[in-house]
Amino acid sequence: TASNMLKMMEYLPNSMEHNDCLNHVFQLSINDEILEKPEIKNIIANVRAFTNYTSVLLSSALRKRQEELGWEDKDIKTLVQDVKTRWNSTHDMLARFAELEEPIKKIL
């Protein structure tokens with residue numbers, strides 16, 4: 001989040017020039033060097049398609065599978081969609097998908 005990025009800036013040495021741009025440079029590097037690789041793009045596209053498929057049946061089935069696996073109510077999770085303008089949202093989407101791998105496999 002922006003507040004986390006600003007907080008991080010407090011810990012950088014004062015001698016660094018343009019340290020306000022550092023997070024943006026990191027994000028651009030990640031986008032250009034990692035997220036543009038065909039294998040990564042394919043994974044993200046497939047997970048995005050699955051998470052963007054909004055269905056009451058899918059949500060219900062995902063919850064039911066988590067309950068069948070013995071997950072407590074407080075631990076039951078839903079899928080997370082990414083938003084291109086939110087820097088961490090693709091990570092959040094992939095992390096949640098990985099976290100829900102077992103119940104998702106039971107649905108498919």
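**Helix H3 and its surroundings**

The buried residues of helix H3 pack against three helices: H4 (56-68), H5 (89-99) and H6 (101-107). This picture comes from a predicted model. The buried set in H3 is made up of Ile-44, Val-47, Phe-50 and Thr-51. Looking down the axis of H3, these buried residues fall within an arc of 130 degrees, so they line one face of the helix. As for the helix itself, H3 covers residues 38-52, which is 15 residues. From first C-alpha to last, H3 reaches 20 Å, close to the 21 Å expected at 1.5 Å a residue.

Stepping back to the whole protein chain, the secondary structure adds up to 6 helices and 0 strands, giving the pattern α-α-α-α-α-α along the sequence. The radius of gyration of the chain is 18 Å, well over the 13 Å that the globule rule gives for 108 residues, so the chain is more spread out than a compact globule. The C-alpha trace spans about 55 × 35 × 20 Å along its principal axes. Of the 108 residues, 22% are buried. Among contacts with a separation of 6 or more, 52% are between residues 24 or more positions apart. The chain exposes about 8,200 Å², and carbon and sulfur atoms supply 55% of that area.

Then there are the charged side chains. The whole structure holds 9 salt bridges, and helix H4, one of the partners of the buried face of H3, contributes some of them. Arg-63 and Glu-67 meet there through their side chains, with 3.3 Å from N to O. These two sit 4 residues apart in H4, so about one helical turn separates them. Arg-63 counts as partly exposed because its relative accessibility is 38%, and Glu-67 is likewise partly exposed, at 40%. The pair also belongs to a wider group, as Arg-63, Glu-67 and Asp-73 are linked in a network of salt bridges.

A further salt bridge in H4 joins Arg-65 to Glu-68, with the closest N and O atoms 3.6 Å apart. Here the spacing is 3 residues, and again about one helical turn lies between the two. Glu-68 is exposed, with a relative accessible area of 52%, just past the 50% cut-off for that class.

Lys-74 and Asp-75 form a salt bridge as well, their closest N and O atoms being 3.5 Å apart. Lys-74 is exposed at 65% relative accessibility, whereas Asp-75 is partly exposed, with a relative accessible area of 30%.

Notes: Residues are numbered from 1 along each chain as its sequence is written. This is a predicted model: local features need pLDDT of at least 70, side-chain atom pairs count only at pLDDT 80 or more; totals for chains, interfaces and linings use all residues. Side-chain values use heavy atoms; hydrogens and water are left out. The expected span of a helix is 1.5 Å times one less than its number of residues. Buried means under 20% relative accessible area, exposed over 50%, partly exposed in between (1.4 Å probe, protein chains only). The arc is that of the directions from the helix axis to the C-beta atoms. Contact means heavy atoms within 4.5 Å. The radius of gyration is taken over C-alpha atoms; the globule rule is 2.2 Å times the number of residues to the power 0.38. Accessible areas come from the Shrake-Rupley method with a 1.4 Å probe; for residues, only the protein chains shown count as cover. A salt bridge is a side-chain nitrogen of Lys or Arg within 4 Å of a carboxyl oxygen of Asp or Glu.
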